Structure formats: structure tokens, C-alpha cells
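Let's take a walk through this one together, going from helix packing to sheets and back to a helix. Keep the viewer open and follow along.

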Amino acid sequence: MSNNGNTFGKKFCVTTFGESHGVALGCVIDGCPAGIKLTKEMIQAALNRRRPGASVTGQVSASVTARKEADEVEILSGVFEDLTTGTPIALEVRNTSQHSGDYGNLDFTFRPGHADFTYDIKYKGNRDYRGGGRSSGRETLARVAAGAVAQQILSQKGIKITAYTIRAAGISAEKRDLSQIEENNLRAPDNEAAELMNKRIEELRSEGDSAGGVIECVISGCPAGLGQPVFDKLDAELAKAMLSIGAVKGFEIGDGFAAADSVGSQNNDTMHAEDGKPVFDTNHAGGVLGGLSSGADIIFRVAVKPVPSIFKPQQTVRRSEDFGVDGKAEYETTELQIKGRHDVCLCPRIVPVVEAMASLVITDFLLNA
């Protein structure tokens, strides 16, 4: 089967479509079993956590864009009387708040830190530069919609996926109180740290700059033995899923890079038997051994880069309007002042995206078991 990079999964296959300033975005899910409870409200609840202009607490958030989108989902197929039918599920969300004029100066000029230049090279100038087009973070709403479907399957198996911000704007959470995640605008498990993060992000916004951070995710209730050896390891697929999120630049599982400074006697997870069942004493491996789930909680982290759309003048290049007969273009140095409405820190809105992509990975392995 041809795959041009728009489809994820082998058994539970998700194809996303749409651009940031196009008519609509959405996804087609093929491989969802019949008889799964699924309503529009279930999908909408997930989309509401990711949508632009949304504040976790209902108060103004320094992190998120001023773009307001209802992100109202429509189920086009694959569901009848609130149950999946086993046929392809098509989900669509219409764009309603595009300010495409804000991007009029980007037709031949490339924003630093964005995919503008690489898309322009790959597609010989035939790119939708409005809001980043297909490379926009807005594409992730289709992933979240698909993840909401996957999560209905996982809930039947007692598998729960929870992500949260543990670092933003250089400030780290000091505790992991999961009850506090939806109580602050950073979706951090530490309200006090979140307040400091938000304060620093407000300062960066006033300076026309942006911030990055780190998101941690815990998958609990996953049975042992999930995954495939060698090339389709569970942790390898999770890494691929996370690194497919545009702003993610790093992935680690368990102790991750800290394991490089450890020793075997410390890093190995010893085990003991309890009521005739194996129990891990520690979880340095992050719940995955040899590419297969161990039955312990799967714990990983992703690094989120600072938002590249900042309001400080930046040096970049502008290309000639034509690529020429040899397929090559001419470039000149220029200065760019970005316009529009943009996030300052992506962490709170990427949290549901991380959960969605993790859901797709686990669901795909479950259905392939």
C-alpha cells in the first residue's frame, strides 16, 4: 500500500487531511472494530482540550493563541446509533476563524524555525503558506479526534493514558499530583510551579518571544508482551509517534539519557514474586524491555521546542518567484516580521496530542496482538 506520510498505524490506520487555513481538517480511521461506543460528545471533549483559544482554567492563558475556533466535529461515517460499525470512520472539523491575510508576506519568504523552506524545496514552491498549511500544528486536531476513538477501545481494556507538563520556560514541576493537571493553564501536576511557568511565559509574550518545555506521559494498565521484536518495538513506535508531532524534538523512555550515567546494578529493575505473580521493584526501563511492554507503567517524556513564530524581527531568505528551467531558485537575505496569532508555549495544547498519539500506538498493537 502506498503511504505518502499521511497515514499512521498498521491495523488501526489513521489518515489525516487538511490545512491550517483550508476549508476543513479531519481524519479517516480504518480498522476500528464494530460495537465500540462512540458519540460526537466523546470526540468533542478531546478536541476541546486542544483547540485554539482554549484555557484550561477558564482564565486568560499567556501560553495559547488568540485564534478562536470551535473545532466542532462532525461524524461523517462509520458510526450508527452511537456504535461503530466496523467500516471506515470519517471525522471532519471546519475552519471558521482564518486570518489568511496575516500570512501574505510568506509566499516566497521563509519563517525561521518553521517548515516553510523544506516544504518549498520538496514541492517546488507549490505549498500552502497560510498558517503553515499542512505543516501547521493545527493538523494535530485530526490526531486528537482519532485518539478519542482509540481511547474508547483502550478504556474497555482498563488502559489509561495521562500526559502533563513537567517543565516549561525553564521552570520544572517539583511534584506529580495528577489531580492538579486540569487546575492550571500549563496542565502541570504542580499548581505552584505552573504559576511560575505562566508568569515567565507572560514575560516572554511581552518581549515578543516564546518558550519550550517537557511533557511526561504515563500509560497504566498495559498488559505485558505488547509490541513486536526488532524493528517494530513498542518504544520505537512510541518514539516515532511522538517525533511525528511537529514541535517535538526529543524523546526518552524510563530513565532515558540519565541511564547513560548509571551503572547496571542501579539501572536494572529487580523483580520479586508476589501472590505468584512477578512484580518490578523499580521502573528504570519505563515499562518496556526488549521492545515489549513489561506490565509496569510505561513512562516517557518528550521535549517541545519554543514556538518558532515570534514577534521579533528575524533574518531569513526570500526566493525568486520561479525555480527556473534547472529546477533551482535564487535566494536573497531579508528581514521578516511575523504577523498573526500564535501560541507562546505549546505544552498545554500538546498534552492531549501526546495522549492521542500514545493511544493510537497502543491500540494498534492491541489489535495486532
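**A helix pair, two sheets and a buried helix**

Start with helix H5 (residues 234-243) and helix H7 (residues 347-368), whose axes come within 9 Å and cross at roughly 145 degrees. The crossing of H5 past H7 is right-handed. On the H5 side, the contact is made by Leu 234, Glu 237, Leu 238, Ala 241 and Met 242. Facing them from H7 are Val 354, Met 357, Ala 358, Val 361, Ile 362 and Phe 365. Sort the residues of this contact by type and you get ten nonpolar, no polar and one charged. One thing to keep in mind as you click around: this is a predicted model.

Now for the sheets. One of them is open and has five strands in the order E1-E2-E3-E7-E4, with antiparallel pairing. Its edges are strand E1 (7-8) and strand E4 (73-77), each of which pairs on one side only. Look at the E4 edge: four bridges tie E4 to strand E7 (residues 89-94), and the two run antiparallel. If you want a spot to zoom in on, Val 73 stands opposite Val 93 in E7.

What packs on this sheet? Helix H1 (residues 40-50) does, touching E4 and E7, and its direction makes about 135 degrees with that of E4. H3 packs on the sheet as well, touching strand E2 (13-18), strand E3 (24-30) and E7. The direction of H3 makes about 35 degrees with that of E3.

H3 deserves a little arithmetic. The helix covers residues 140-156, and at 1.5 Å a residue its 17 residues should span 24 Å. The end C-alpha atoms are 25 Å apart, which agrees with that expectation. How enclosed is H3 by the rest of the structure? Largely, because 14 of its 17 residues are buried, where buried means under 20% relative accessible area. Just after H3, check the backbone at Gly 158, which takes a positive phi of about 75 degrees.

The other sheet is an open one too, with five strands in the order E9-E8-E10-E16-E11 and antiparallel pairing. Strand E9 (171-172) and strand E11 (248-253) are the edge strands here, each pairing on one side only. E11 is joined to strand E16 (residues 298-304) by five bridges, and these two strands run antiparallel. Here the pair to zoom in on is Val 248, which stands opposite Val 304 in E16.

Terms used:
Residues numbered from 1 in each chain as written. Predicted model: local features only at pLDDT ≥ 70, side-chain atom pairs only at ≥ 80, totals over all residues. Heavy atoms only, no water. Expected span 1.5 Å × (residues − 1). Buried < 20%, exposed > 50% of the residue type's maximum accessible area, 1.4 Å probe, protein only. Axes fitted to C-alpha atoms, helices over the stretch in contact; angles between N-to-C directions. Left-handed = near helix turned anticlockwise from the far one by under 90°. Contact = heavy atoms within 4.5 Å. Nonpolar A, V, L, I, M, F, W, Y, C, P; charged D, E, K, R; others polar. Pairing = 2+ DSSP bridges.
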